[in-house]
2 protein chains.
Amino acid sequence: MTKPLIKTLTVVGVGLIGGSFALALKAAGVVERVIGVDRNADNLALALQLGVIDEAAASLADGVCSAQVVFVAVPVGSVAPVVAQAAPSLPPGCVVTDAGSVKEELVQVCEPLIPSGCHFVGGHPIAGTEHSGAAAAFAELYRGKRSILTPTEVTDADALELVRQLWQAAGSRVECMEATTHDRVFAAVSHLPHMVAYALVHAVAGSAEAEENILAFSAGGFRDFTRIASSDPVMWRDIALMNRGALLALLDRYLLEFSTLRSHVADSDGPWLEAFFHTSKRLRDGII
Amino acid sequence: MTKPLIKTLTVVGVGLIGGSFALALKAAGVVERVIGVDRNADNLALALQLGVIDEAAASLADGVCSAQVVFVAVPVGSVAPVVAQAAPSLPPGCVVTDAGSVKEELVQVCEPLIPSGCHFVGGHPIAGTEHSGAAAAFAELYRGKRSILTPTEVTDADALELVRQLWQAAGSRVECMEATTHDRVFAAVSHLPHMVAYALVHAVAGSAEAEENILAFSAGGFRDFTRIASSDPVMWRDIALMNRGALLALLDRYLLEFSTLRSHVADSDGPWLEAFFHTSKRLRDGII
């Protein structure tokens, strides 16, 4: 029998990410009670009914006032406002952590909001599905997946260790990283590909206006390739805004590569094109 | 028992595409004998051993001289050279067709090469796997898939009908299309996405040099998204060269969409970004 790490966890935003964290920790026996907070009353009621949470809080203040750990699992642009609003109600020693996919600005803004005696630890679990809401939550979501924590010079060591143990109990492999490094890495491997896919759908759909059944011929490749362009628009707006600096650097790098490719297509430069495609294939096959 | 449509089919290039066509037509009972031609002697011997073909020709001339139909299934840049070399050996009434994924230039070049009394029909089956060679061929490859034929004003009606019947016997849904329309459609739904993916791998790998373990964090999304950047470099060089006109129009349309997106990220224009992503999601979900 695993000994509980904490008595009370409060999850703010009981969707796929927050709800799965609650279910995973309850399944692991490391938390005794989970309180849920959600601005969507129907979703909160469903979470309670499904047993994702043990108690539905009437307000954010009510929800966090008895928590040892508060997990803020809302769209990345809403994390800081939630932390600001919760701060006056946090009990002494409370540890606040989040799941936002952009970290530098978020951690910089949140740390000073936390009252003395409480602690903030930035986090980002690399997991998800295309579904959302409490009904989509499941205890195995984080099993074998990475969770990144981005402590700073002022992060409390015990708070960091507690958050690490919770993610490990949820089945994650935990890795610590500088927030700026995190944001550069994810600008490259996640944020840029999403921008590329969103622009591709616009470009092809623009052609589709002229060529009405153009997409009947798209076969599986286009469908698979553009799947990420179906991601949530608000989430990606927030990511683009909050990771603007790192993302712009990647957008410009991509524009350079793409424009160079375009000029060699225009020049009918066969040897260059073959070499460029060959390098892509080698890099992609080698790094995946 | 299906009555054979033709006695002898010659397949030039006995790989996934050519070999699967042979197997499908033999399984359907519409061809009596398949002769294979391949510049790779090992692959040709394997095709014979596996029963993909019934006879291995010693040369292109030997292979085509008794054929009713010649199926040229080589990289798109090699189709016209093969047709030119085969032309003097084609028997009267012979129908030559191909599987190239670019059609306008190819059909323009091939039609005049065909001797009087023989016929050319441009074709493009929309099917494939990531494997290649005779060992990858299987009779079901074309089942339920589209095959496009691109007849011109000079295409012989009986030759077109014969090629249509063969593709239908292979399980395909056959559709006729202008070669120029074909090339515009595939520039949008296939050729542009490949260029986008090739450039993306270069851009991200450029970052990987600075951030050595960047791709350990790429999760499934990046892997799935860049799968098409593993496609054959020579095949894609030929496609880029032969569909240069239609492709350039799409590359420029894409550059415009992507640059516009970049400028709104630079301006931190949240409402515009949300609307752009929302339109992508709606278009993509609606058209797939």
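A crossing of two helices is left-handed if the near helix is turned anticlockwise from the far one by less than a right angle, and right-handed if clockwise. Keep that in mind for the last view. Everything below comes from a predicted model, in which local features need pLDDT of at least 70, side-chain atom pairs count only at pLDDT 80 or more, and totals for chains, interfaces and linings use all residues. Residues are numbered from 1 along each chain as its sequence is written, while chains are lettered from A and ligands numbered from 1 in the order in which they are written.

**View 1. Chain A has two domains, 6-177 and 181-287.** These bounds come from an automatic or database domain assignment. The C-alpha centres of domain 1 and domain 2 of chain A are 32 Å apart. Where they touch, domain 1 of chain A brings 13 residues and domain 2 of chain A brings 11 (contact: C-beta atoms, placed from the backbone, within 7 Å). On the domain 1 side of chain A, helix H5 (residues 104-110) gives the most, with three residues (helices are DSSP runs of H or I, at least four residues, numbered from the N terminus).

**View 2. Chain B meets chain A through 74 residues of each chain.** H7(B) provides the largest share of the chain B side, 21 residues. Helices H8 (219-225) and H9 (233-242) of chain B are among those that each supply at least two residues. By class, the chain B side has 46 nonpolar, 14 polar and 14 charged residues. Here Ala, Val, Leu, Ile, Met, Phe, Trp, Tyr, Cys and Pro count as nonpolar, Asp, Glu, Lys and Arg as charged, and the others, Gly among them, as polar.

**View 3. A turn of 180 degrees, with a shift of 0.0 Å along the axis, lays chain B on chain A with an RMSD of 0.1 Å.** The two copies are thus related as by a two-fold rotation axis (superposed by least squares on C-alpha atoms of residues with pLDDT of at least 70 in both). Of the residues of chain B, Phe225(B) comes closest to this axis, its C-alpha at 2.6 Å.

**View 4. H10(A) (residues 244-266) passes H10(B) in a left-handed crossing.** The helix axes, lines fitted to C-alpha atoms over the stretch in contact, come within 10 Å and cross at roughly 165 degrees, on a scale from 0 to 180 degrees between N-to-C directions. The two helices are therefore roughly antiparallel (angle over 145 degrees). Residues of H10(A) including Leu251(A) and Phe258(A) meet residues of H10(B) including Leu251(B) and Phe258(B).

Notes. Contact = placed C-beta atoms within 7 Å. Parallel < 35°, antiparallel > 145°, perpendicular 65-115°, else oblique.
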